[in-house]
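Trainee: Before I rely on words such as buried, exposed or salt bridge, I would like to go through them with you one at a time. Could we set each label against its cut-off?

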Amino acid sequence: ISTIINFMLICTVWIIMVFLTALKDYKSVTLAFFLGLFLAFIASLFIAPKYGVVGMISGFNIGIALIITILLARILIEYPYRIKKPFEYVKYFRKYWELALVGLFYNMAAWVDKWVMWFAPEGEIMPSGLILYPNYDGAMFLAYLTIVPSMALFVFSIETNFFEKYVEFYKLIQTNTTFRKIQQRHHAMVKTIIESARNFLILQLAISVICILLAARIFDFLQINYLQIGIFRYGVLGALFHVMTIFLTIMLSYFDNRWAILKIQCLFLVTNASLTYYIMDWGFEFYGYGYFLSSLVSFIYAAFIFAQYINKLPYHAFVTSNSSI
């Protein structure tokens with residue numbers, strides 16, 4: 001029950017953050033998370049000694065509930081309107097069905113290698129019937145943690161440098177200016193994207209290399225089973241290209257290129273499932289290699305699509321994205 005409540009609370013935070021992103025009220029978000037997580041830490045300390053793991057989860061839930069309360073208050077202050085037509089959003093599934101499939105396929109693609117590996121010879125079935133493979137699941141979870149710093153840098157870069165150039169480019173188009181000025185803004189935006197991608201790649205590459213080289217020491221410090229080291233290293237490499245693919249798909253989302261994003265996620269889903277299943281027969285030492293190859297292939301494909309699109313951005317802005325044509 002506590003974990004189900006935790007899941008619902010975290011899902012609520014994600015939904016709330018969509019509105020707060022539009023407000024760009026970073027101080028309120030920072031304050032809410034600081035107070036909420038501090039309360040979660042204190043509550044867990046007091047409840048855990050008596051109730052164990054359930055107490056820790058419940059303490060964490062109390063902190064998340066405080067975060068939701070503060071953020072909801074901020075939203076209601078900014079949008080003091082009564083709820084009207086609460087299911088109005090359903091009609092947008094028909095209009096933007098590609099985005100719904102993108103979300104579905106991406107989340108399936110991120111999980112499908114775990115689903116396949118649960119049926120590996122080393123997989124386990126709990127007394128409750130739950131199927132899992134602790135060595136693979138744990139190693140991949142640690143590998144995903146390596147992308148957290150670069151994702152934070154990416155969000156910061158997008159909300160500042162790129163978004164300003166993005167707005168300037170489309171505002172200039174609406175002012176009936178000369179094509180030369182539009183090209184200048186286009187080149188400035190491309191330059192910003194390249195700089196952001198460079199900083200993003202350098203940071204993530206440095207973290208990935210450090211984690212791969214120091215994997216044994218990290219596992220020794222955290223007292224993790226050494227059988228996970230090989231899977232972890234493949235997972236870190238896969239996460240490197242995975243997060244770069246995320247970078248490119250978010251860029252394409254800004255330009256509303258839904259078909260391209262859908263094709264990228266379909267490729268990621270199919271390759272991750274098929275390669276993981278195929279390479280599973282190679283033996284334990286290759287576990288995680290399928291995810292790595294899938295992420296690499298998806299990144300190369302996404303980079304090819306993005307490079308073609310961004311180079312012809314003025315054409316797409318005037319022609320392919322013009323609803324009047």
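Mentor: What follows is a set of questions about labels used for this chain, which is a predicted model.

Trainee: What makes up the secondary structure of the chain, and in what order do the elements run?

Mentor: The chain comes to 12 helices and 2 strands, and from the N terminus on the order is α-α-α-α-β-β-α-α-α-α-α-α-α-α. Along the principal axes, the C-alpha atoms fill a box of roughly 65 × 50 × 40 Å. Buried residues make up 38% of the 325 residues, and of the contacts between residues at least 6 apart in sequence, 72% join residues at least 24 apart.

Trainee: Why is Gln228 called buried?

Mentor: Buried means under 20% relative accessible area, and Gln228 has 8%, so the label applies. Gln228 sits in the loop between helix H8 (215–222) and helix H9 (229–254). Leaving aside residues up to four places away in sequence, Gln228 touches Pro134, Asn135, Gly138, Ala139 and Phe219.

Trainee: Gln223 is in the loop between H8 and H9 as well; why is Gln223 called exposed?

Mentor: The cut-off for exposed is over 50%, and Gln223 reaches 73% relative accessibility, so Gln223 counts as exposed. Its phi is near 55°, a positive value in a residue other than glycine. Most residues other than glycine have a negative phi.

Trainee: What makes Phe141 exposed?

Mentor: The value for Phe141 is 51%, and exposed requires over 50%, so Phe141 is exposed. Phe141 belongs to helix H5 (residues 134–145). In sequence Phe141 and Val190 are 49 residues apart, while their C-alpha atoms are 34 Å apart in space.

Trainee: How do you know that Arg258 and Asp256 form a salt bridge?

Mentor: A salt bridge needs a side-chain nitrogen of Lys or Arg within 4 Å of a carboxyl oxygen of Asp or Glu, and the N to O distance between Arg258 and Asp256 is 3.0 Å, so the pair meets the definition. Side chains of opposite charge can pair when their charged atoms come close. Glu98, Asp256 and Arg258 are linked in a network of salt bridges.

Trainee: Which of Arg258 and Asp256 is buried and which is partly exposed?

Mentor: Arg258, with a relative accessible area of 17%, is buried, because the limit for that label is under 20%. Asp256 stands at 43% and therefore counts as partly exposed, since partly exposed covers what lies between the cut-offs for buried and exposed. Asp256 lies in the loop between H9 and helix H10 (258–280), and has a positive phi of about 60° although it is not a glycine.

Trainee: How many salt bridges does the structure hold, and how do you know that Glu78 and Arg74 form one?

Mentor: The structure holds 5 salt bridges. For Glu78 and Arg74 the N to O distance is 3.3 Å, and the limit is within 4 Å, so this pair qualifies. Both residues lie in helix H2 (residues 26–78), 4 residues apart, which is about one turn of the helix. Glu78 has a relative accessible area of 36%, so Glu78 is partly exposed.

Trainee: What makes Lys91 and Glu88 a salt bridge, and why are both residues called partly exposed?

Mentor: Their N to O distance is 2.7 Å, and the definition asks for within 4 Å, so Lys91 and Glu88 count as a salt bridge. Lys91 has a relative accessible area of 47% and Glu88 has 31%; partly exposed lies between the 20% and 50% cut-offs, so the label fits both values.

Trainee: Why can Leu205 belong to a nonpolar patch on the surface?

Mentor: Patch residues need over 30% relative accessible area and no salt bridge, and Leu205 is partly exposed at 39%, so Leu205 passes the area cut-off. The patch is formed by Leu201, Leu205, Val209, Ile210, Leu213 and Leu214, with about 530 Å² of accessible area together. Leu205 itself is found in helix H7 (residues 179–213). The chain exposes about 19700 Å², and carbon and sulfur atoms supply 71% of that area.

Methods
Residues numbered from 1 in each chain as written. Predicted model: local features only at pLDDT ≥ 70, side-chain atom pairs only at ≥ 80, totals over all residues. Heavy atoms only, no water. Patch = residues over 30% accessible without salt bridge, like charges linked within 9 Å, V, L, I, M, F, W, Y side chains within 5 Å. Areas by Shrake-Rupley, 256 points an atom, 1.4 Å probe, with all protein chains shown as cover. Buried < 20%, exposed > 50% of the residue type's maximum accessible area, 1.4 Å probe, protein only. Contact = heavy atoms within 4.5 Å.
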